[in-house]
Amino acid sequence: MSGLLVGKHVLVMGVANQRSIAWATARAVLAQGGRLSLTYQSNRIKPRLERLLADCEAEVTLIECDVASDDGVARAMRKLEKERAVLHGLVHSIAYAPAEDLQGSFVETTRDGFAVANDISSYSLIAAAREARRLMVQGGSIVTMTYAGSHRVIPNYNVMGPAKASLEASVRYLAADLGPAEIRVNAVSAGPIHTVAARSIKDFAGMLELLQTHTPLRRNVTAEEVADATVFLLSDLSRAITGEIVHVDAGAHAVT
Ligand code: NAD
């Protein structure tokens, strides 16, 4: 199926490198005929993005956006606004927790670690949605990335578990708030994928190995599969779906 996003402008937040779920999503947006804008966390990442986009024929807007402050998020959206950009889609693919809080006992989680993980991984969705809705004058679709650690204890996922639980609750509250403006808000709950963010979780490789034999599909998932489901949620095919958590995990949620 092609052309699902023709006429739609999608902002993807959270490309760090070629392994990022956000990068697979960006490519899928372009493949479906969408117009793409990207935000990146810091200028350190920008040259990498430019290299990734070197072969891309479409014009892609690149904007720096550190979601650690409301100002950073507002500034990025103002830059899009200056281009008189109407936005139809927003993909929030951002998470962070201090490395020391992703190993050892959950009970040792620090106050600072908890605050940072929730701020960057969860609150940032609210901040981004608040700013993006001004540009979504024709309605829109917001998609964030979550993980099963939100509702099940996953070894070493630790502080990210409560952060993802809060993120998923925010999806429902935002869906209720923004629905009257025809803005839908959903999450994709992805199975584990080898990315920079995932590498900070202790024994991540062991998790991938276990799922290889335990999921109904007897395999793990790819960033491209997560991106395809995200495109569905961005497209009009999902026009009656909001407040939903869609599992792209080879069926793991059904059996664990
Ligand atoms: P990734 O490391 O490629 O992406 C994480 C992104 O968050 C990076 O681009 C990083 O720059 C960005 N980020 C962190 N702090 C930021 C800040 N202050 N301001 C702006 N950006 C910031 O890893 P990924 O696996 O592609 O992660 C994307 C999303 O997918 C995350 O929400 C993650 O929790 C979720 N997810 C990942 C997996 C997995 O196994 N990889 C599974 C389920 C859900």
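**Notebook: helix α3, the cysteines and the ligand**

I began with the surroundings of helix α3, and I noted that its buried residues are covered by elements that include β1 (9-13), β2 (35-40), β3 (61-64), β4 (89-92) and α4 (111-132). The buried residues of α3 that I listed are G72, V73, A74, A76, M77 and L80.

Since this is a predicted model, I then looked up the confidence, and I found a mean pLDDT of 96 for the chain, with 100% of its residues at 70 or more. Confidence is lowest in helix α6 (residues 196-199), where the mean is 91, and highest in strand β6 (residues 183-190), where it is 99.

Going back to α3, I checked its span: the helix runs over residues 70-82, which makes 13 residues, and it reaches 18 Å from its first C-alpha to its last, close to the 18 Å expected at 1.5 Å a residue. After α3 comes R84, and I wrote down that its phi is positive, near 55°.

Next I looked for disulfides, taking as my cut-off a pair of cysteine sulfur atoms within 2.5 Å, and the count came to zero. I also looked up two cysteines: C56 is partly exposed, with a relative accessible area of 26%, whereas C65 is buried, at 4%.

Last, I asked which residues are closest to the ligand. Of the 28 residues that surround the ligand, the closest are G14, S20, Q41, I193 and T195. For T195, I found a polar side-chain atom 2.5 Å from an oxygen atom of the ligand, while I193 places a backbone N or O atom 2.7 Å from a ligand oxygen atom. A polar backbone atom of A16 is 3.3 Å from an oxygen atom of the ligand.

How values were computed: Residues are numbered from 1 along each chain as its sequence is written. This is a predicted model: local features need pLDDT of at least 70, side-chain atom pairs count only at pLDDT 80 or more; totals for chains, interfaces and linings use all residues. Side-chain values use heavy atoms; hydrogens and water are left out. pLDDT is the predictor's confidence in each residue, from 0 to 100. Helices (H or I, at least four residues) and strands (E, at least two) are DSSP runs, numbered from the N terminus. The expected span of a helix is 1.5 Å times one less than its number of residues. Buried means under 20% relative accessible area, exposed over 50%, partly exposed in between (1.4 Å probe, protein chains only). Contact means heavy atoms within 4.5 Å. A residue is near a molecule or strand if one of its heavy atoms lies within 4 Å of it. A polar contact is a pair of N or O atoms within 3.5 Å; within protein, one must be able to donate a hydrogen and the other to accept it, and residues adjacent in sequence count only if both atoms are side-chain atoms.
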